[in-house]
Amino acid sequence: MRVYNNFDQIEHDLKILKLKRQISEEEVRINVNGAKTGMSSGLSPVSSIGNLVGSLVQKAVVAKLLSAIFGYKRVKEVDKKGEYKA
């Protein structure tokens, strides 16, 4: 137990305790909001696979659009004889 010599020391410790309480409350609020967001967004494997497939399709569409706009074409490999590789 701490012994205080004046009221300024008490006020100082009270301010520190108040700030620590506010920090703890904010951490709880952040954790609760994170849990709510995680549950609502669905952290299941099915939704994760869906997100992955969606992002791959989106990248493919963007690549297709860019190739159409800028005229880029995918080049097939040609062997030494000048034939296309499969």
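**Exercise 1. With which side chain does the side chain of D13 make a polar contact?**

Note first that this is a predicted model.

Step 1. Place the residue. D13 sits in helix α1.

Step 2. Look for the polar partner. The side chain of D13 makes a polar contact with the side chain of Y4, at 2.7 Å.

Step 3. Widen the search. Setting aside neighbours within four places in sequence, D13 is in contact with R2 and Y4.

Step 4. Check the charge pairing. D13 and R2 form a salt bridge, with their closest N and O atoms 2.9 Å apart. Helix α1 (residues 7-41) holds D13 and the segment before α1 holds R2, so this pair ties together parts that are 11 residues apart in sequence.

Result: Y4 is the polar contact partner, and R2 is the salt-bridge partner.

**Exercise 2. Decide whether D13 and R2 are buried, partly exposed or exposed.**

Step 1. Take D13. Its relative accessibility is 15%. The cut-off for buried is under 20%. D13 therefore counts as buried.

Step 2. Take R2. Its relative accessible area is 46%. Partly exposed covers the range between the buried cut-off and the exposed one, which is over 50%. R2 is therefore partly exposed.

Step 3. Set this against the chain. Of its 86 residues, 2% count as buried.

Result: D13 is buried, whereas R2 is partly exposed.

**Exercise 3. Find the salt bridges of the structure and describe those with both partners in helix α1.**

Step 1. Count. The structure holds three salt bridges. One of them is the D13–R2 pair of Exercise 1.

Step 2. Take E25 and R21. Their closest N and O atoms are 3.3 Å apart, and the two residues form a salt bridge. They are four residues apart in helix α1, which means a separation of about one helical turn.

Step 3. Assign their exposure. E25 has a relative accessible area of 39% and is partly exposed. R21, at 47%, is also partly exposed.

Step 4. Take R29 and E26. Their side chains meet in a salt bridge, 2.5 Å from N to O. Both residues lie in helix α1, three residues apart, or about one turn of the helix.

Step 5. Assign exposure again. R29 counts as partly exposed at 43% relative accessibility. E26 counts as partly exposed at 37%.

Result: E25 pairs with R21, and R29 pairs with E26.

**Exercise 4. Which residues make the nonpolar surface patch of about 570 Å²?**

Step 1. Survey the fold. The chain has two helices and zero strands.

Step 2. List the members. I49, V53, V57, V61, L65 and I69 make the patch.

Step 3. Pick one member and place it. V57 lies in helix α2, which spans residues 45-70.

Step 4. Test its exposure. Patch residues need over 30% relative accessible area. V57 has 48% relative accessibility and so counts as partly exposed.

Step 5. Compare with the surface of the chain. The accessible surface comes to about 8,500 Å². Carbon and sulfur atoms account for 62% of that surface.

Result: the patch is made by I49, V53, V57, V61, L65 and I69, with V57 partly exposed.

Conventions. Residues numbered from 1 in each chain as written. Predicted model: local features only at pLDDT ≥ 70, side-chain atom pairs only at ≥ 80, totals over all residues. Heavy atoms only, no water. Patch = residues over 30% accessible without salt bridge, like charges linked within 9 Å, V, L, I, M, F, W, Y side chains within 5 Å. Areas by Shrake-Rupley, 256 points an atom, 1.4 Å probe, with all protein chains shown as cover. Salt bridge = Lys/Arg side-chain N within 4 Å of Asp/Glu carboxyl O. Buried < 20%, exposed > 50% of the residue type's maximum accessible area, 1.4 Å probe, protein only. Polar contact = N/O pair within 3.5 Å; in protein donor to acceptor, adjacent residues only side chain to side chain. Contact = heavy atoms within 4.5 Å.
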